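Visitor: I would like a close look at a single part of this model, a strand together with what pairs with it and what lies around it. Please take me through it carefully, and give me the cut-offs behind the terms as you go.

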Amino acid sequence: MSPGRVSLTALCLFLALQLAARAHVAKDNPEAGHAAHVEHAGSQEETNIVDVEAPDVTLLDQEGVPGRFVSDHIGDRLAVVTFTFTDCTTICPIVDGVFQQLQDEIADQLGQGTVLLTVSIDPVRDIPDRLKQRAEKLQAKPGWSFLTGEKQTVNSLLKALEMWTPDIWNHPPTVFVVDGRRHVWTRLSGFPQPNKIAEVLDRYHTARSESGGAAK
């Protein structure tokens, strides 16, 4: 872990305490749903292979470059996908922290056979320029893309992946690990540790090797 980067456990605890304090002051706290996710972070972790059919919608990355979600952004690579928004101050920084550490853990694969994709669930506000600022703040390396698009388009993707919620402040922390070539999706609910995500990626690499199709 690089200097100045706190552990995910410490960050979860800090945010849980902060949100609990806010809840006593304002019962109508819009981030109450997020607070519950943070407070129960340790018990939320769950990993399942899921049967999903992601629509091949067009999304823009932080540079404003369009690409199809399945065909281009994932392609036949391995991908780790999550969902956040820039105004979020609760679970999203934790998920961002997971990806920050993960990009270091898979540095030799990132941008090659493996990509990280962060999709904004607030596309109206999160235009490419705003996502570019977030990427720079997080020191995102090549291979980690931040995606947005038309609200209806993004919502269609969220609904297909069972990630849509009418209240973005109550969206659940979730990470998908995807093998674009074999069309396998694994859902990790909660706040998975970077090494746990890396383990799923390793299993994907092994499966590809055994089938004669190692990641490029």
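Guide: On strand E8, Val 184, Thr 186 and Leu 188 on one side and Trp 185, Arg 187 and Ser 189 on the other are all buried, so that both faces are covered, where buried means under 20% relative accessible area, exposed over 50%, and partly exposed in between, with a 1.4 Å probe and protein chains only. Before going further, note that the model is predicted, that local features need pLDDT of at least 70, that side-chain atom pairs count only at pLDDT 80 or more, and that totals for chains, interfaces and linings use all residues. Residues are numbered from 1 along each chain as its sequence is written, and side-chain values use heavy atoms, with hydrogens and water left out.

The split between the two sides follows a general pattern, since in a regular strand the side chains alternate between the two faces of the sheet. Strand E8 runs over residues 184–189, and six of its six residues are buried; the element names come from DSSP runs, with helices (H or I) of at least four residues and strands (E) of at least two, numbered from the N terminus.

The partner of E8 is strand E7, residues 174–179, and the two pair in the antiparallel sense over six bridges, pairing being called when DSSP finds at least two bridges between two strands. One of the contacts in this ladder joins Val 177 to Thr 186, its bridge partner in E8. Together E7 and E8 make a hairpin with four residues between them.

In that turn, His 183 deserves a separate look, as its phi is near 60°, a positive value in a residue other than glycine. Most residues other than glycine have a negative phi. His 183 lies in the loop between E7 and E8 and counts as exposed, because its relative accessibility is 63%, whereas Val 184 in the strand is buried.

His 183 also belongs to the surroundings of an open space, the second largest pocket, which has a volume of about 210 Å³. Of the 15 residues that line this pocket, the closest to its centre are Val 52, Glu 53, Ala 54, His 183 and Trp 185, so the list includes a loop residue, His 183, and a residue of E8, Trp 185. A pocket here is an open set of points on a 1 Å grid over the protein atoms alone, with protein on both sides within 12 Å along at least five of seven lines, and lining residues have an atom within 4 Å of a point. Grid points are joined across faces, edges and corners, and the volume is the space filled by probe spheres set on the points.

Strand E1 (46–50), helix H4 (69–74), E7 and E8 each supply at least two residues of this lining. By class, the lining has nine nonpolar, three polar and three charged residues.

Further along the chain comes helix H8, residues 194–210, which has 17 residues and reaches 24 Å from its first C-alpha to its last, close to the 24 Å expected at 1.5 Å a residue. Its buried residues are Pro 194, Ile 197, Ala 198, Val 200, Leu 201, Tyr 204 and Arg 208. They cover an arc of only 155° around the axis, which puts them on the same side of H8. H8 is followed by Gly 212, whose phi is positive, near 80°.

Definitions and conventions. The expected span of a helix is 1.5 Å times one less than its number of residues. The arc is that of the directions from the helix axis to the C-beta atoms. On a 1 Å grid over the protein atoms alone, a cavity is a set of points where a 1.4 Å probe fits but cannot get out, and a pocket is an open set with protein on both sides within 12 Å along at least five of seven lines; lining residues have an atom within 4 Å of a point. Ala, Val, Leu, Ile, Met, Phe, Trp, Tyr, Cys and Pro count as nonpolar, Asp, Glu, Lys and Arg as charged, and the others, Gly among them, as polar.
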